[in-house]
Amino acid sequence: MLWTKRLFLVYLGVFGLLSMAALATLPFAPARDPNALYASYAINLRSLDPAVSYDVISGVILGHTYEGLYDYAYGVRPAKVIPTLATAFPTLSDDGLTYTIPIRHGVHFQAAPGEDQLFPGPNGLGPEVTADDFVYSYKRLADSRLASPSFSAFLQGKVVGLDAFFDASAASQKAGKPTDYSLPVQGLVALDRYTLQIHLTQPNPQFIFSLASPSLSAVCRRAVEFYGDSFRARPVGTGPYCFKSYRADYRVVLTASPSYRGRPDADPGTVPADQRLPYQPTVIYDYFAETLPLWHAFQQGLYDSMELPKEGFLSAVDTTTRSLRPDYASRGMRLTTITDPAIDYYGFNLRDPVLGKNKPLRQAMCLAWDREAFIRKYLAGRGMTPRGFIPPGFPISDLQPENPFNHYDIVRAKSLMKEAELINGGPIPPLKLLFDGSDSAYRQYAEAFQSAMAQIGVKINIDPSTYARLLELVDARNFQICMTGWQADYPDEQTFLQMFYSKLADPGGVNMFGYNNPEFDALYERAIKLSPGPDRNDLYCKMVAMADEDCPMVEDYIRVRYYVSRSWLANYDFPDYGNAHRAFQKVDVAARKQALQSGHH
Amino acid sequence: MAAYLIRRLLLTIPTIMGIVLITFLLFNVIGGDPARPFAGKNPTPESLHAILAKMGLDKPRFINTTEPLNTQFFDLVRFKFPHSMRYDASFWELLAERGPVSLTIALPAFFISLGLQLGLSLISAARLGRWPDYAITAVCILLLALPPVSLYYCMQWVGGAWLGWFPVAGWEDFPYSLKYVCLPVICAVLASLGAGTRFYRTVVLDEVGQDYLRTARAKGVSETDVYLVHLLRNALVPVVTTTVTQLPLLVLGELILESVFQIPGLGGLLVGAILNNDYGVVMPVTYLSSISYCLSLLATDILYTLVDPRIALK
């Protein structure tokens, strides 16, 4: 028998054995934890180090373990900040530059599961959280070695002396030396063990929101030094859960922290046992990059909640009433609708010689865009036409004047085009639309915009780009129109209004449009010094009206997200801001077991 | 043989250098600033530079007068790749963690698929113009016409959601991984079955009419041995060409398949890296796969001599 025949027979044997082995394992499955809350996440967690992670999903998952000075109250809308590791709101100096913050007593860093050497004490508990931990944690954000995106977002240029610390750490890095954390930062002072003082470079009423960001959580210096590079996968915080295990793009398992004080805004030992958070001893987050398989698994009862994907939306939701269809509701599913605190838009570069000088052209383009048709055809109805660029959920969302150019009016658009051509001295030349071409959906959106603008005689050349190049071109202001969006960083309209402040229009600044209106700037500078209230709301509304009239963008849509959860999951919500929300959710374990056994789910 | 190998190795060096240069230029010229996607909303030049430093890209691209070898280009030559900012890890760490998972899917899928393709092509050729040939051809054309992603989603719905025979998606470590491997492997096999079987059928049909088979039959060799012993060996040259070049790429996994089935392997990693501009993953994968392809071509040449002694390397 020659070797080809032998090989063929061996192959058949191995194939048969492997097939039998695989078939034999089919009836067996790893045991599911009956007490766990099963959830999912769709974006990879870049790091479990709060200084390095930056996106919303990482913040939500990390927020179960880490805590900062402040957080947002769970399930409260509009969002409300509450003290967590601080015991009260900051005391501000008269000039608004100095924040004095009292720190909660008796909160300890949690024991790290499976690691005896980190905190070698009788109960494995870490040291008590003190003001020095916050000084250290904020300095870490400014350590150039970590390249923290949160530094530029929250602290750079805002805290006295912290930029100098960043420069010193960059110099140490260049010289191959470790960062010297003993270098003092004038604006970060531990007055005593339980009092932190922060000195700002200029008044900033929104700074409280920075302090509520999960990136500004307290990290344990001993844990950072003990774990070294692997600290990014070994979180040690003070929150309701500890990280039991983590594998990138696969699974995160959180277990209830025995040392947690029971409530985010309570002192240790003050919460009665039956009211203590978290409710579930374990939370298991599975990674699903694709939504369709997760939707199948959710329908099999394997997950307790998820965001309803586009593929399941039309079958599960009655689009006229925006409620679950009866066959889904009868299987114990519930629908939660959340409007994103974000807006998608087509931004104009006002430095462009064609677009910048031609307000009627921009207004015509706004009027030629049929948002309702777009939302119906391309988003399966999962969006809403913006009233203005402040999305719902903010104090002035309903007070802001309705944008007069946010509705489809092709007749008026064509009439404005005549004016636009006069200003331009002839027909409008083709304009280039820059967008992130990595997603085929964005290409469809760009083509829809192209067709809409063709109706008024504006030729749009679409320019798909990588995301990195898109950001680079926008930062350099090297574009004409860009399809992009803006997500609120905190629950204050200022997060949107800053997009039009001329002093943030330099390359890299958030005013990508190059919008420059001295009247707007004057109102902005007045408003940012005011506390929330009717006076500030009036100023904000005036600013919105000014920007609407000048049309620096075609306001596109506001995304509406639909979340489905099981009836056995109590207190379910998906807040826009805030951390540790799974700690508040409670699974009726018996009801889940019964539903899964009966097959009615 | 030795002279041939040395000559081929020497020829491979400029090819690989070309790959290094093209990869480097592609990523540096059209890729955009690799730090920007990871810099958040309000980046400053300093924060962008800090990210570049973390990635190991804060050094000159080609020429460094003080330390000539300390350039981005020479880092690439020495397989010192940029740090992945999306995972805050080095590419080698990611490869070590995810490569074995990808192989758990890709290796069985590859070998099952190869065996089935060869087996079906032999049956098809042996029954040329009869119903088994027509049936196999029809199935192959159907599978060829079906986009792999549609096939994956259909199989996921039928096998996982509807019949409940397999997990819809996901992963567990050994021994449960066998359970999670089944459906993705079946999908991968089906996705490659059509093209492979059609190709090997053509190869086998080229051999069917040869004199040596008629002689074998005349000598009383059984029909099974005619195909498995005589024909198969002579048909192996194109098989070697197609399989050996694919083998090194198996570690990269099945790009879309891994994403659809939530397999934490390199395929899904690469898809995510492409969509998220993770320079520290896309660049090494492009670079390493090109180099492995070059080296596997060299291995193919050597294997020819083993499979068919008539081929001499000169």
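Two strands count as paired if DSSP finds at least two bridges between them. With that criterion in mind, I turn to the model, which is a predicted one.

Strand 6 and strand 7 of chain A, the latter covering residues 195–199, satisfy the criterion with four bridges, and their pairing is antiparallel. Within this pair, A190(A) stands opposite L196(A) of strand 7. The two strands belong to an open sheet of four strands in chain A, in the order 4-5-7-6, with antiparallel pairing. Its edges are strand 4 (91–92) and strand 6 (188–192) of chain A, each of which pairs on one side only. Helix 3 of chain A, residues 131–141, lies across strand 6 and strand 7, and runs at about 175° to strand 6.

I come next to a pair of helices. Two packed helices are described by the angle between their axes and the distance between those axes. In chain A, the axes of helix 11 (residues 359–367) and helix 13 (residues 410–424) come within 8 Å and cross at roughly 155°. Angles over 145 degrees count as roughly antiparallel, and helix 11 and helix 13 of chain A are therefore roughly antiparallel to each other. Their crossing is left-handed. On the side of helix 11 of chain A, the contact involves P360(A), L361(A), Q363(A), A364(A) and L367(A). Helix 13 of chain A contributes R412(A), A413(A), L416(A), M417(A), E419(A), A420(A) and I423(A). By character, the residues of this contact comprise nine nonpolar, one polar and two charged.

Finally, I address the backbone geometry. Most residues other than glycine have a negative phi, and most peptide bonds are trans. Where does chain A depart from a trans peptide bond? One cis bond runs from R77(A) to P78(A), with omega near -5°; P78(A) sits in the loop between strand 2 (70–72) and strand 3 (81–83) of chain A. Another runs from L277(A) to P278(A), also cis and with omega near -5°. P278(A) is placed in the loop between strand 9 (251–256) and strand 10 (282–287) of chain A.

As to phi, C551(A) has a positive value near 50° without being a glycine. C551(A) belongs to the loop between helix 18 (534–550) and strand 20 (553–566) of chain A. Is C551(A) buried or exposed? The cut-off for a buried residue is 20 or more other C-beta atoms within 10 Å; C551(A) has 25 such neighbours and therefore counts as buried. In chain B, Q262(B), likewise not a glycine, has a positive phi of about 55°. Q262(B) lies in the loop between helix 11 (255–260) and helix 12 (266–275) of chain B, and counts as buried because 26 C-beta neighbours fall inside 10 Å.

Notes:
Residues numbered from 1 in each chain as written. Chains lettered and ligands numbered in written order. Predicted model: local features only at pLDDT ≥ 70, side-chain atom pairs only at ≥ 80, totals over all residues. Axes fitted to C-alpha atoms, helices over the stretch in contact; angles between N-to-C directions. Parallel < 35°, antiparallel > 145°, perpendicular 65-115°, else oblique. Left-handed = near helix turned anticlockwise from the far one by under 90°. Contact = placed C-beta atoms within 7 Å. Nonpolar A, V, L, I, M, F, W, Y, C, P; charged D, E, K, R; others polar. Buried ≥ 20, exposed ≤ 12 C-beta atoms within 10 Å, placed from the backbone.
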